Structures are given as structure tokens and as C-alpha cells.
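Visitor: Please take me through one part of this protein closely, namely its charged side chains and how they pair up. Then set that part against the rest of the fold.

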Amino acid sequence: MKLREEIEPKIIQIEKICPQISRLLRGYDSEKDNKCLNIIKKISELTHKVITKDILSEYMEDDSICMVALRLSIGTPPLLHIPLSCDELLEIIQRIHSKNYVEYKVKAFPEDELWWVLSHDYYVPNLEKNMELSEPSLIREMLYQETVFDSLRYKPEEVLEKILGVMK
């Protein structure tokens, strides 16, 4: 199922800005404040996100330059004016659940990496932002095991039932 245009991740944006961010990150040196601040400013302008030295350092600590560039290239999930339908909610859960569910192609990245970033940095935050839950972190609890973030806890249909049950 295709999601509403406003919900779909902006793959064209990723393809456009990811190489630029990657080039900037290659020149990043957290020890050189002026250069560092200039790079952070340029990345913030490209991504339309507030990027700080702390945020960038956290990303750089855990991932390769290519993965950081990809993560930063993913757009911020929108705040929806029309709530997610049950079909859209199930579609998003299925996309999180299975890397083979929707095929996105971004030239510079293996599908596994793109799926991981879309799942963790776009779809889950999208649900947390747009579901009327008293505690947005419930989404992650319903999707993932507590011990291993990438280990799925329930089938997509079970997650949908649980989310709808919490919303009532």
C-alpha cells in the first residue's frame, strides 16, 4: 500500500543531500571549533534540522560517516493534520517489521542500512509523534524486545491491536 504523500519518506531528498552531508562529515574534526561549527551550520541548513556539536558527536561515536550522513538525510516525520488510518498504521508497522516489505532504492546504500534508518529514524518517530498515546515510548515497547532493539516482539497485526487497544 502506498501511504499518503505527506507520510512517505522523502527518498529524493535523501539522494540529493546525503552525498553533500557525507562530504562535509569527512572534513569534520570535533577538536577544531570554528571548522566544526561551520560544518554543523551547513548540515543544519541542508537537513532543516537543529544539529548541535553534541548531537553530531553522538551520531559519529556510534556509526560510520556514511551511516551518519544517511541518518541525518532522513527528513523529520511530519505532524499529521489528518490522523493515521488503521490501514496506514498497519502499513507503517509492516514496513518497520520487514525490510523486504517496501523496496526503496538509494544508490549509495545497501537496502539493509536504508531499511534500518527508515525504521528507527523515520517510521517509529512518526508513530510516536502522531499517535494519541499517553506515553509515546509505548510504540517502541510494542515493537521491540527490551533487550535487543532490533528484535521484533510481536507480529504487525498484534502491534496494531495493541496500539488500538491503548488508544481506546
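Guide: Start with glutamate 6, which counts as partly exposed because its relative accessibility is 34%, between the 20% limit for buried and the 50% limit for exposed. The model is a predicted one. Glutamate 6 pairs with arginine 4 in a salt bridge between their side chains, at 3.0 Å from N to O. Arginine 4 also forms a salt bridge with glutamate 88, and here the closest N and O atoms are 2.7 Å apart. This second pair links distant parts of the chain: arginine 4 belongs to the segment before helix 1, glutamate 88 belongs to helix 5, and 84 residues separate them. Glutamate 88 has a relative accessible area of 7%, so it falls under the 20% limit and is buried.

Helix 5 holds another pair. Glutamate 91 and arginine 95 form a salt bridge with their closest N and O atoms 2.9 Å apart. Both residues lie in helix 5, four residues apart, which is about one turn of the helix. Glutamate 91 is buried, with a relative accessible area of 2%, and arginine 95 is buried as well, at 4% relative accessibility. As for shared partners, salt bridges join Arg4, Glu6 and Glu88 into one network. The salt bridges described here are among the six that the model contains by this rule.

Now the surroundings. The protein has eight helices and zero strands, and along the sequence the pattern reads α-α-α-α-α-α-α-α. Of its 168 residues, 42% count as buried. Among contacts with a separation of 6 or more, 63% are between residues 24 or more positions apart.

In soluble globular proteins, nonpolar side chains tend to be buried together. The largest nonpolar core in this model has 48 residues, and Ile43, Leu56 and Leu127 have the most contacts inside it. At least two residues of this core come from each of helix 1 (11-26), helix 2 (33-47), helix 3 (53-62), helix 4 (65-73), helix 5 (86-97), helix 6 (111-130), helix 7 (138-143) and helix 8 (156-167). Helix 5, home of glutamate 88, is therefore one of the helices that supply residues to this core. Leucine 127 touches Leu84, Leu89, Ile92, Ile93, Ile96 and Ile139, leaving aside residues up to four places away in sequence.

A polar residue elsewhere can be described in a similar way. Threonine 47 sits in helix 2 and is buried, with a relative accessible area of 5%. Beyond residues up to four places away in sequence, threonine 47 touches Ile17, Ile21 and Leu72.

Last, the packing of one helix pair. The axes of helix 4 and helix 6 come within 10 Å and cross at roughly 45 degrees. That angle is neither under 35 degrees nor in the range from 65 to 115, so the two helices are oblique to each other. The crossing of helix 4 past helix 6 is right-handed. Helix 4 makes the contact with Met67, Leu70 and Arg71, while helix 6 contributes Glu113, Leu114, Trp116, Val117 and Asp121.

Definitions and conventions
Residues are numbered from 1 along each chain as its sequence is written. This is a predicted model: local features need pLDDT of at least 70, side-chain atom pairs count only at pLDDT 80 or more; totals for chains, interfaces and linings use all residues. Side-chain values use heavy atoms; hydrogens and water are left out. A nonpolar core is a set of buried Ala, Val, Leu, Ile, Met, Phe, Trp, Tyr and Cys residues joined through side-chain atoms within 4.5 Å. Buried means under 20% relative accessible area, exposed over 50%, partly exposed in between (1.4 Å probe, protein chains only). Contact means heavy atoms within 4.5 Å. A salt bridge is a side-chain nitrogen of Lys or Arg within 4 Å of a carboxyl oxygen of Asp or Glu. Axes are lines fitted to C-alpha atoms, for helices over the stretch in contact, and angles run from 0 to 180 degrees between N-to-C directions. Angles under 35 degrees count as roughly parallel, over 145 as roughly antiparallel, 65 to 115 as roughly perpendicular and the rest as oblique. A crossing is left-handed if the near helix is turned anticlockwise from the far one by less than a right angle, and right-handed if clockwise.
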